[in-house]
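Please open the model in your viewer and keep the sequence panel beside it, so that each selection in this tour can be followed by residue number.

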Amino acid sequence: IVLSFLKHLLRGSLRFVSKEPNHLLTMFSHAARQSSRQLSLLARHGSKNGYCLKKRLDPAKASSGMASVMTDILGARSFSVKNYRGANPEARALKTTFDFFDPNTVEEGPGGPFQLTKIVATIGPTSEQLEPLQKVVKAGMKIMRLNFSHATKEEVELRLKNLSLSQDTYEFDGPISKVQDVRATLLDTRGPEIRSGKLAHDDSGHETISLVKGNTITLQTSEAYAEKSTDQDLFINYSKLHKCMSPGMKVLLDDGAVILTVTQVNDTDGTVVCSIDNSGELRSRAGVNLPMAETDLPAMSEKDKKDIKYGLEIDVDYVAASFIQTAEGVREIRDYMKQCAKELGWEDDRPLPLIISKIESASALKHFDEILEESDGIMVARGDLGVEIPIQQVTNAQKEMVAACNAVGKPVIVATQMLESMAKNPRPTRAEVSDVTNAVYDGADAVMTSGETAKGKYPNETIKMMNDIILSAEHYAASGSLGALYVHHGGDSSLYLGGNDAITAVAKGAVASSFAKGCSAILVFTDTGLLPSLVSAYRPNCPIVTFCPTSKMA
């Protein structure tokens with residue numbers, strides 16, 4: 001039954017599996033017992049009748065090793081190091097034909113191309129209706145993000161309804177006649193926020209005040225100023241502001257549109273006096289960032305608690321927790337979800353939504369290791385992070401977080417402004433393409449769109465473009481074109497070591513064998529969801545096809 005289904009799913013590319021099913025099981029168990037060095041040597045010799053990246057290999061060329069086989073697939077031509085005088089010997093494997101993979105040539109299955117790095121797409125006003133959402137799903141969206149900073153209950157229910165209608169059922173011949181396309185949902189909380197107060201006399205909600213460079217402004221935390229903010233006294237809704245600030249620190253208003261420098265902190269009345277670094281206009285209730293300051297904001301606001309409980313009611317798969325600062329905040333959210341599940345009458349064995357902690361502050365970076373240990377996954381939220389820490393350090397922080405998540409086998413999402421220009425333009429900038437490509441090279445498990453697909457003019461084109469970038473990057477990384485110059489994170493080179501138990505050995509052996517044999521897919525049967533996660537942690541270069549007992553587990 002399984003092999004009949006896969007024959008149609010992968011269009012016959014599983015020759016190694018379908019013709020030798022018993023050998024598959026033997027290979028898995030045998031590979032699990034081999035040392036990583038032996039498997040590495042095996043991978044170098046390749047397979048005479050293997051398949052890789054859905055392209056048929058020439059058996060006559062297989063004996064020259066896997067590197068030459070990949071060269072055959074991609075049409076690359078290896079240049080000798082003698083053509084690069086003065087080059088380091090490590091450059092010996094460099095190939096420079098610039099004959100690159102075209103993602104439009106990929107043979108697609110019925111559900112679209114198999115990209116390994118997944119796409120999280122924010123669905124909003126321009127993509128929530130059935131027709132555009134169907135196009136976004138077909139283009140490659142795997143997880144629908146519901147942004148609860150803006151979405152209403154009615155909008156969320158419309159998006160869930162249309163997502164269900166967008167997950168087509170595909171017809172196959174044989175014992176398994178239908179398969180349901182699976183898409184997950186992610187609830188993104190607004191999180192505890194620090195904001196300025198309402199401006200005095202702002203009855204319309206559109207008034208602004210002018211802040212002039214060089215002037216002094218006093219930040220007030222007394223509720224008497226909550227609706228009386230002026231260009232001299234600005235209310236901030238964090239009563240302990242004075243406890244986390246000191247002279248010389250910065251206060252950023254409205255995502256950094258206006259920057260203040262603290263000159264004096266008054267413990268007696270809780271005021272903070274600042275000088276204005278640049279001129280600008282400020283509206284009511286603007287966002288406030290306190291770079292490098294450690295606050296004691298709660299992990300959840302009252303709105304977050306209502307939203308998370310509602311998320312359990314509609315059975316979301318993930319909760320992206322905004323402004324997480326410590327591991328205790330993650331535990332608090334998990335305990336609250338358990339409480340909500342009990343109130344909703346859930347069975348004890350029903351899985352709770354997985355917690356994706358958003359790292360978007362200096363405090364979160366300081367406590368990152370503890371947060372990672374408590375979380376089910378991490379989101380590199382570069383928007384607020386780029387305001388909270390020096391912007392030139394965001395890429396460095398991203399690389400460290402992605403590597404840390406790879407090392408412990410937990411998923412990591414890279415987010416914010418990845419294809420931002422496609423909100424208005426049908427093509428991205430070259431820098432944006434490089435951004436997505438390098439996230440794939442770093443080892444990101446998923447990349448995310450925000451306004452591009454929520455309110456942009458080209459939502460499905462954005463996902464199609466992102467998918468093409470991912471496919472190109474993954475095929476290039478797998479080709480070996482950069483040789484030793486490219487740090488590959490999969491198989492024997494995986495940053496994840498895992499435990500010494502039998503199920504981990506099977507997962508590691510399966511991935512190592514997939515590299516050695518150039519497999520088109522790894523089949524996983526599970527009733528707990530553990531084994532496919534372990535296989536994924538070793539980052540194979542081919543799709544993982546998992547057979548699950550329930551749609552929720554899928």
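A residue counts as buried under 20% relative accessible area, as exposed over 50%, and as partly exposed in between. The model on screen is a predicted one, and the tour begins with a residue to which that scale applies.

Select Asp-254, which lies in the loop between strand 11 (250-253) and strand 12 (258-266). Its relative accessibility is 22%, and Asp-254 is therefore classed as partly exposed. Check the backbone here as well, for the phi of Asp-254 is near 55°, a positive value in a residue other than glycine.

Now extend the selection to both flanking strands. Strand 11 and strand 12 form a hairpin with four residues between them, and Asp-254 sits in that turn. The two strands pair in the antiparallel sense over four bridges, and if you label Leu-253 you will find Val-258 of strand 12 standing opposite.

Keep strand 11 selected and add strand 15, since these two also pair in the antiparallel sense, over two bridges. Here Leu-252 is the residue to label, with Asn-289 in strand 15 opposite. As a general point to keep in mind while looking along such strands, side chains in a regular strand alternate between the two faces of the sheet.

From strand 15, step back along the chain to Arg-285, which is placed in the loop between strand 14 (280-283) and strand 15 (288-289). Arg-285 has a positive phi near 50°, again in a residue other than glycine. With a relative accessible area of 44%, Arg-285 is partly exposed.

Next, turn to the barrel by selecting strands 3, 4, 7, 16, 17, 18, 19 and 20. These eight strands make a closed barrel that runs 3-4-7-16-17-18-19-20, with parallel pairing. On average, neighbouring strands of this sheet are turned by 25° against each other, direction ignored. For a detail of the barrel, zoom in on strand 19 (residues 412-415) and strand 20 (residues 446-449), which pair in the parallel sense over two bridges; Val-414 stands opposite Val-447 in strand 20.

The last stop is Asn-162, in helix 7 (residues 153-166). Is Asn-162 buried or exposed? Asn-162 counts as buried because its relative accessibility is 5%. To see what surrounds this residue, display Glu-128, Gln-129, Leu-130 and Leu-133, with which Asn-162 is in contact once its neighbours within four places in sequence are left aside.

Note on methods:
Residues numbered from 1 in each chain as written. Predicted model: local features only at pLDDT ≥ 70, side-chain atom pairs only at ≥ 80, totals over all residues. Heavy atoms only, no water. Buried < 20%, exposed > 50% of the residue type's maximum accessible area, 1.4 Å probe, protein only. Contact = heavy atoms within 4.5 Å. Pairing = 2+ DSSP bridges. Axes fitted to C-alpha atoms, helices over the stretch in contact; angles between N-to-C directions.
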